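These are my notebook entries on a structure that I examined by looking up a few features in turn. The sequence and the model are shown first.

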Amino acid sequence: MYCSTCGDERVFEQPPCPDGHGAECPERACVECGTAVLVGLPPVTAAARESAPSGESAPSGETARAPRRAETVRAVA
């Protein structure tokens, strides 16, 4: 994977996860410099489901859809 700090391809490993994600933790760290990156989407935890406002529970088994932007908003890279 490319490391923006090292400026080259480096090996990344999954560090121990203090957030309780276990093997599903999206965080990876460069073995050379320690720069952390997230891969994929963070998993939804029970705490996140409990803190969601009423009627906005996290989907179970379905892919959540991102909210649509207004037609006048452009994404800039």
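**Entry 1: disulfides.** I began with the criterion: a disulfide is a pair of cysteine sulfur atoms within 2.5 Å. In general terms, a disulfide is a covalent bond between the sulfur atoms of two cysteines. I note that the model is a predicted one.

How many disulfides does a search of the whole structure find? I found that the search gives zero. I then asked why cysteine 17 has no such bond. The closest cysteine sulfur to that of cysteine 17 belongs to cysteine 25 and lies 3.4 Å away; because a disulfide requires the two sulfur atoms to be within 2.5 Å, this is too far for a bond. Looked up from the other side, cysteine 25 is likewise in no disulfide, and its nearest cysteine sulfur is that of cysteine 17.

I also checked the accessibility of both residues. Cysteine 17 has 22% relative accessibility, so I recorded it as partly exposed. Cysteine 25 has 5%, so I recorded it as buried.

**Entry 2: salt bridges.** I next searched the whole structure for salt bridges and obtained one. Which side chains meet in a salt bridge? They are those of arginine 10 and aspartate 8, with a distance of 3.7 Å from N to O. Are these residues buried or partly exposed? Arginine 10, at 27% relative accessibility, counts as partly exposed. Aspartate 8 also counts as partly exposed, at 40% relative accessibility.

**Entry 3: the sheet.** Strands of a sheet pair through backbone hydrogen bonds, either parallel or antiparallel. I therefore looked up the order and the sense of pairing here, and found an open sheet of three strands, β3-β4-β5, with antiparallel pairing. The edge strands are β3, residues 12–13, and β5, residues 36–38, each of which pairs on one side only.

I followed one pairing further. Strand β4 covers residues 27–30, and two bridges join it to β3 in the antiparallel sense. Within this pairing I located glutamate 13, which stands opposite alanine 29 of β4.

**Entry 4: threonine 35.** Where is threonine 35 placed? I located it in the loop between β4 and β5. Its side chain makes a polar contact, at 2.7 Å, with the side chain of threonine 5. Leaving aside neighbours within four places in sequence, I listed the residues in contact with threonine 35: Cys3, Thr5, Phe12, Arg28, Ala29 and Cys30.

Note on methods:
Residues numbered from 1 in each chain as written. Predicted model: local features only at pLDDT ≥ 70, side-chain atom pairs only at ≥ 80, totals over all residues. Heavy atoms only, no water. Salt bridge = Lys/Arg side-chain N within 4 Å of Asp/Glu carboxyl O. Buried < 20%, exposed > 50% of the residue type's maximum accessible area, 1.4 Å probe, protein only. Pairing = 2+ DSSP bridges. Helix = DSSP H or I, 4+ residues; strand = E, 2+ residues; numbered from the N terminus. Polar contact = N/O pair within 3.5 Å; in protein donor to acceptor, adjacent residues only side chain to side chain. Contact = heavy atoms within 4.5 Å.
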